[in-house]
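Here are a few exercises to help you find your way around a new structure. Try each one yourself before you read the solution.

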Amino acid sequence: MITSSTTTALSVLKGMYRAEAEYFAAGGPGTADFAPLAPFFSQDVVLHQANALPYGGIWRGHEGMERLFFAMSQTWEIFDMVEQGFLSSASPLVVLTQVHARSRSTGNELDFPILQTITVENGQITEVHPFYWDTAAIANACSPQ
């Protein structure tokens, strides 16, 4: 992503969230083009998901981000970021997000917080660490009984 000296880490993140919302509104993985999201992420971006989640693991690069978005869309029928609080404005950013989600496989709904640290370097997101309060509750909501 080409940036000016006035580009801030927070503006990069907010731009990515707008592009992400448009991506999912356009149909998301398998339908929408990832290209509008790509400039916000470094070619070497690394996103760490808790292993206990249905889409757990380490996701690398643009291809990894596309695969993560696909895995999450296979897991969640609804994944609404209801409220976000930006707890810092410089990298690494800290974002507290309240999520309302519905499992695609079970129809179970739940509300949960995610706290993320997001590193932005040279106008691009280079690393993301989401922290979930209760990964067992999320995994349980997605597992048929």
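**Exercise 1. The largest pocket**

How much space lies in the largest pocket? Work out, too, which residues and elements line the pocket.

Solution. Keep in mind that you're looking at a predicted model.

- Step 1: start with the volume, which comes to about 600 Å³ for the largest pocket.
- Step 2: go to the lining, where 31 residues take part, and Glu 20, Phe 24, Phe 69, Met 72 and Phe 79 are the closest to the centre.
- Step 3: sort the lining by element. Two or more residues each come from H1, S1, H2, S3, S4, strand S5 (109-121) and strand S6 (124-132).
- Step 4: pick out the top contributor. H1 gives the largest share of the lining, seven residues.
- Step 5: check the chemistry of the lining, which splits into 23 nonpolar, four polar and four charged residues.

**Exercise 2. Helix H1**

Which elements do the buried residues of H1 pack against? Check the helix length on the way.

Solution.

- Step 1: count and compare. H1 has 17 residues, and its first and last C-alpha atoms are 24 Å apart, close to the 24 Å expected at 1.5 Å a residue.
- Step 2: list what's buried in H1: Ala 9, Leu 10, Val 12, Leu 13, Gly 15, Met 16, Tyr 17, Ala 19, Glu 20 and Tyr 23.
- Step 3: see what these buried residues meet. They pack against S1, H2, S3, S4, S5 and S6.
- Step 4: look just past the end of H1, where Gly 27 has a positive phi of about 115 degrees.

**Exercise 3. Helix H2 and one of its residues**

Why does the span of helix H2 agree with its number of residues? Then zoom in on His 62: is this residue buried or exposed?

Solution.

- Step 1: helix H2 (residues 61-75) has 15 residues, so at 1.5 Å a residue it should span 21 Å, and its end C-alpha atoms are indeed 21 Å apart.
- Step 2: note the buried residues of H2, among them Gly 61, His 62, Met 65, Phe 69 and Met 72.
- Step 3: find the partners. The buried residues of H2 pack against helix H1 (9-25), S1, strand S2 (57-60), strand S3 (76-86) and strand S4 (93-103).
- Step 4: now take His 62, which is located in helix H2. Its relative accessible area is 16%, so His 62 is buried, because buried means under 20%.
- Step 5: look for a polar partner. A polar atom of the His 62 side chain lies 2.8 Å from the backbone oxygen of Phe 41.
- Step 6: finish with the neighbours. Leaving out residues up to four places away in sequence, His 62 touches Phe 34, Ala 38, Phe 41, Ser 42, Gln 43 and Val 45.

**Exercise 4. Across to strand S1**

Which backbone nitrogen does the side chain of Ser 42 reach?

Solution.

- Step 1: locate Ser 42, which belongs to strand S1 (residues 41-49).
- Step 2: Ser 42 has 12% relative accessibility, so it counts as buried.
- Step 3: follow the side chain of Ser 42 to the backbone nitrogen of Asp 44, at 3.0 Å.
- Step 4: set aside residues up to four places away in sequence, and Ser 42 touches His 62, Gln 124, Ile 125 and Thr 126.

**Exercise 5. Ile 118 and a cis bond**

How many residues apart in sequence are Ile 118 and Ala 9, and how far apart are they in space?

Solution.

- Step 1: place Ile 118 in strand S5. With 2% relative accessibility, Ile 118 counts as buried.
- Step 2: compare sequence with space. Ile 118 and Ala 9 are 109 residues apart in sequence, yet their C-alpha atoms are 9.1 Å apart.
- Step 3: the contacts of Ile 118, beyond residues up to four places away in sequence, include Leu 13, Tyr 17, Ser 91, Pro 92 and Val 128.
- Step 4: pause at two of these contacts. Ser 91 and Pro 92 are joined by a cis peptide bond, with omega about 0 degrees, and Pro 92 sits in the loop between S3 and S4.

**Exercise 6. A loop residue**

Is Asn 122 buried or exposed?

Solution.

- Step 1: find Asn 122 in the loop between S5 and S6.
- Step 2: its relative accessibility is 73%, so Asn 122 counts as exposed.
- Step 3: check the backbone. Asn 122 isn't a glycine, but it has a positive phi of about 55 degrees.

Technical notes:
Residues are numbered from 1 along each chain as its sequence is written. This is a predicted model: local features need pLDDT of at least 70, side-chain atom pairs count only at pLDDT 80 or more; totals for chains, interfaces and linings use all residues. Side-chain values use heavy atoms; hydrogens and water are left out. Helices (H or I, at least four residues) and strands (E, at least two) are DSSP runs, numbered from the N terminus. Buried means under 20% relative accessible area, exposed over 50%, partly exposed in between (1.4 Å probe, protein chains only). A polar contact is a pair of N or O atoms within 3.5 Å; within protein, one must be able to donate a hydrogen and the other to accept it, and residues adjacent in sequence count only if both atoms are side-chain atoms. Contact means heavy atoms within 4.5 Å. The expected span of a helix is 1.5 Å times one less than its number of residues. On a 1 Å grid over the protein atoms alone, a cavity is a set of points where a 1.4 Å probe fits but cannot get out, and a pocket is an open set with protein on both sides within 12 Å along at least five of seven lines; lining residues have an atom within 4 Å of a point. Grid points are joined across faces, edges and corners, and a volume is the space filled by probe spheres set on the points. Ala, Val, Leu, Ile, Met, Phe, Trp, Tyr, Cys and Pro count as nonpolar, Asp, Glu, Lys and Arg as charged, and the others, Gly among them, as polar.
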